[in-house]
Amino acid sequence: MKDSQTSPVASPSPVMGLYDIPMWESIRAHQMALQKCASCGSMHFPPSPVCPQCLCQDQSWTTLGGQGVIMSWAVFHRAYLPAYPPPYNVIVVKLDEGPLMVSNLEGPEPLGSWIGQSVKLVYVTLPDGLILPRFVLDNVP
């Protein structure tokens with residue numbers, strides 16, 4: 001039996017669907033990319049076979065600039081997954097490119113409301129080796 005104090009708890013593995021693989025490869029390379037529609041120019045998340053705006057199938061992968069704004073947030077005080085002991089936060093970020101993305105805020109938490117706080121994308125390697133895109137406050141050194 002492993003001691004939970006010394007052994008990292010495995011994170012849930014990302015679901016690797018046909019359209020998710022290029023995104024997760026870009027995350028591993030610390031250059032997160034999302035699909036951009038060749039017809040209407042919109043970027044979207046999560047990846048899909050067609051553009052959700054115009055249903056065009058012609059899409060390319062474009063690297064994110066890494067900036068965004070917190071649109072919503074919550075701090076969970078209940079454990080749902082062993083790899084995420086409470087308390088932990090969940091944020092919804094509107095990326096500068098347009099899509100909304102659910103993630104976590106790393107580092108210091110904003111005082112008061114988090115909504116409207118500028119954030120930047122960072123890559124966090126968990127103890128089990130999984131690399132996840134997360135965010136930090138943009139105005140914190």
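Is tryptophan 24 buried or exposed? In this predicted model, for which local features need pLDDT of at least 70, side-chain atom pairs count only at pLDDT 80 or more, and totals for chains, interfaces and linings use all residues, tryptophan 24 is buried, with a relative accessible area of 13%. Here buried stands for under 20% relative accessible area, exposed for over 50%, and partly exposed for what lies in between, with a 1.4 Å probe and protein chains only. Residues are numbered from 1 along each chain as its sequence is written, and side-chain values use heavy atoms, with hydrogens and water left out.

The chain contains one helix and eight strands, which follow one another along the sequence in the pattern α-β-β-β-β-β-β-β-β; these elements are DSSP runs numbered from the N terminus, helices being H or I over at least four residues and strands E over at least two. The C-alpha atoms fill a box of roughly 50 × 40 × 25 Å along the principal axes. Of the 141 residues in the chain, 34% are buried. The exposed area of the chain is about 8,400 Å², of which carbon and sulfur atoms supply 57%, as computed by the Shrake-Rupley method with a 1.4 Å probe, where for residues only the protein chains shown count as cover. Where contact is taken as heavy atoms within 4.5 Å, 48% of the contacts between residues at least 6 apart in sequence join residues at least 24 apart.

Five strands form an open sheet with antiparallel pairing, in the order 6-5-4-7-8, two strands being paired if DSSP finds at least two bridges between them. Strand 6 (100-103) and strand 8 (131-137) each have a single partner strand and stand at the edges, so one side of each is left without a neighbour in the sheet. On average, neighbouring strands of this sheet are turned by 35° against each other, direction ignored. Helix 1 (residues 21-28) packs on the sheet, where it touches strand 7 (118-125) and strand 8, and its direction makes about 65° with that of strand 8; for such angles, axes are lines fitted to C-alpha atoms, for helices over the stretch in contact, and the angles run from 0 to 180 degrees between N-to-C directions.

Tryptophan 24 belongs to helix 1. Apart from its neighbours within four places in sequence, tryptophan 24 is in contact with Pro14, Val15, Met16, Ile131, Leu132 and Pro133. Tryptophan 114 is 90 residues from tryptophan 24 in sequence, and the two are 27 Å apart in space, C-alpha to C-alpha.

Within the sheet, strand 7 and strand 8 pair in the antiparallel sense over seven bridges, and threonine 125 has isoleucine 131 in strand 8 as its bridge partner. The hairpin of these two strands has five residues between them, and in it glycine 129 takes a positive phi near 95°. Strand 4 and strand 7 pair, also in the antiparallel sense, over three bridges, with valine 69 opposite serine 118 in strand 7.

Strand 4 (residues 67-76) and strand 5 (residues 88-95) are joined in the antiparallel sense over eight bridges, and phenylalanine 76 stands opposite tyrosine 88 in strand 5. Four aromatic pairs are counted under a rule by which rings of Phe, Tyr and Trp (its six-membered ring) pair if their centres lie within 6.5 Å, planes under 30 degrees apart being stacked, over 60 edge-to-face and the rest tilted. Phenylalanine 76 and tyrosine 80 form an edge-to-face pair, at 6.0 Å centre to centre and 85° between the planes. The rings of phenylalanine 76 and tyrosine 88 have centres 5.4 Å apart and planes at 15°, so this pair is stacked. The stacked pair links distant parts of the chain, with phenylalanine 76 in strand 4 and tyrosine 88 in strand 5, 12 residues apart. Phenylalanine 76 is partly exposed at 30% relative accessibility, as is tyrosine 80 at 48%, whereas tyrosine 88 counts as buried at 18%. Ring pairs link Phe76, Tyr80, Tyr84 and Tyr88 into a cluster.

The structure holds zero disulfides, a disulfide being a pair of cysteine sulfur atoms within 2.5 Å. The sulfur of cysteine 51 is 3.6 Å from the closest cysteine sulfur, in cysteine 40, which is too far for a bond. Cysteine 40 is partly exposed at 40% relative accessibility, while cysteine 51 is buried, with a relative accessible area of 0%.
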